[in-house]
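Reader: I've just opened my first protein model. Can you walk me through it?

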Amino acid sequence: MNQEELEIYRKNKSILFSIFLFGGIALFILSIVLLINFSSEDFSTIFIIFAFVSIILTIVGSIVSYSSYSKKYREFINNLEQELMPEVYFNSGISPDYKTFMSPQFFRKPDRYTLSDYIYCDGELPWFSHTYLLEEMHRDKDGNISYQTYAKGKFYLFDFKREFNQIVRVTERSFFGNTVNITSLKPIETEYYEFNKKFKIQCSDPLTAFYILTPQIQEKIMEFEQSFDGKLFLSFQNSCLCVCLEGVENYRSCNIYTSLNGNKINRIKTMIM
């Protein structure tokens, strides 16, 4: 199924989804109004059954409409991924490793987390990525527990197969204190004023940091950060470069009311590549 066919399919399913959702709500409200206005026991039973059936039809119809589109959307994304990056393994069945994800200490420890959509490439520069969602627990005065999301996005790890022997972290400043400040690392600044204003640099060795963060690399980091809607975090450690794209859209999740126009597809292609 190509983009045009999927868009037609989406429109049809969105109409069907709306009919079940809003039609069911309207029937339920009508049954309540009739139930209030007719006090007869026989009528009351009929209206209660009518209300129950309308709820079931609304739930089942909406779920079936949405899930059928979601399945087609995922198939389209899978084909797009294989077309754009044939050397990459998608849907490998491998579960992301929590300790590896937390090793750069970009974020404080969550009370609950979800790591999914693992993909990897076993080429000259091996790498893998997965999405993440971090939540913290809140308890109100009555003891009720709820969870609030404080970080979500995409994590990448590139293995250069050579030891850096030092740690160099570059984290975007405007993230409202959700990143971890490693006190054992030294804060430094480069001669690039806009880069210093945008990012916080911490390292175990300033010479290594300046060796890695050349003016050209800083410019590339600035350009990359401006290419997506979100925050950027980098950490050179051991033999790897860890990257977090905080707040980026998960292109694998779909919205039945979102049109799959050229701009939407181009954004998806950018996120895949």
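Author: Sure! This is a predicted model, where local features need pLDDT of at least 70, side-chain atom pairs count only at pLDDT 80 or more, and totals for chains, interfaces and linings use all residues. Residues are numbered from 1 along each chain as its sequence is written, and side-chain values use heavy atoms, with hydrogens and water left out.

Reader: How do the residues lining the largest pocket divide into nonpolar, polar and charged?

Author: Ala, Val, Leu, Ile, Met, Phe, Trp, Tyr, Cys and Pro count as nonpolar, Asp, Glu, Lys and Arg as charged, and the others, Gly among them, as polar. Sorted that way, the lining comes out as 21 nonpolar, seven polar and seven charged residues.

Reader: Which strand gives the most to that lining?

Author: Strands are DSSP runs of E with at least two residues, helices are runs of H or I with at least four, and both are numbered from the N terminus. Among the elements that each supply at least two lining residues are helix H6 (215-225) and strand S3 (145-159). The top giver, with five residues, is S3.

Reader: Is the chain more spread out than a compact globule, or less, and why?

Author: The chain has seven helices and eight strands. Its radius of gyration (over C-alpha atoms) is 25 Å, while the globule rule (2.2 Å times the number of residues to the power 0.38) gives 19 Å for 273 residues, so the chain is more spread out.

Reader: What box do its C-alpha atoms fill?

Author: Take it along the principal axes. The box is then roughly 85 × 50 × 35 Å.
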